[in-house]
Amino acid sequence: MDISVVIPNYNGAKLLKKNLPKIIQAASVYKKGKVEIIIVDDDSTDNSLDVIKDKNIIILKNEKNSGFSSTVNIGVEKAAGDVVILL
């Protein structure tokens, strides 16, 4: 079963720096299918996207701040997994 992890982000550099390595590590031990991580940035003004070092993460960026639900919907539409996990 393939899994998509969708992470909406707005000025969350500190949270990404703290938690993204744990998410990547958990995804690496999943052996029952593929795991994709999608971060949808809602036009952040901090250095959120600079924190992301893993080239396997899908990054989508809104051109303007659209709000939580629109940002989540963009990530879910892009998701290819059988199961979508929203963080």
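Here a biologist and a modeller talk through a predicted model, one strand, one charged network and one surface patch at a time.

Biologist: What should I know before I start reading?

Modeller: This is a predicted model, where local features need pLDDT of at least 70, side-chain atom pairs count only at pLDDT 80 or more, and totals for chains, interfaces and linings use all residues. Residues are numbered from 1 along each chain as its sequence is written, and side-chain values use heavy atoms, with hydrogens and water left out.

Biologist: How many residues of strand β1 are buried?

Modeller: Strands are DSSP runs of E with at least two residues, and helices are runs of H or I with at least four, numbered from the N terminus. Buried means under 20% relative accessible area, exposed over 50%, and partly exposed in between, using a 1.4 Å probe and protein chains only. In a regular strand the side chains alternate between the two faces of the sheet. On one side of β1, Ile3, Val5, Ile7 and Asn9 are buried, and on the other so are Ser4, Val6 and Pro8; for β1 (residues 3-9), the count is seven of seven.

Biologist: Which residue of β2 stands opposite Pro8?

Modeller: Two strands pair if DSSP finds at least two bridges between them. β1 and β2 (residues 35-41) pair in the parallel sense over seven bridges. Opposite Pro8 in β2 stands Val40.

Biologist: Which residue forms a salt bridge with Asp41?

Modeller: A salt bridge is a side-chain nitrogen of Lys or Arg within 4 Å of a carboxyl oxygen of Asp or Glu. Asp41 is buried because its relative accessible area is 0%. Its closest N and O atoms to the partner are 3.1 Å apart, and that partner is Lys61.

Biologist: Which residues are linked in a network of salt bridges?

Modeller: The structure holds two salt bridges. Besides Asp41, Lys61 bridges to Asp43, with the closest N and O atoms 3.8 Å apart. That second pair links strand β3 to the loop between β2 and α2 (48-51), 18 residues apart. The network is made of Asp41, Asp43 and Lys61.

Biologist: Is Lys14 buried or exposed?

Modeller: Lys14 sits in helix α1 (residues 13-28). Because its relative accessibility is 76%, Lys14 counts as exposed.

Biologist: And Lys61, buried or partly exposed?

Modeller: Lys61 forms a salt bridge with Asp41. Because its relative accessibility is 42%, Lys61 counts as partly exposed.
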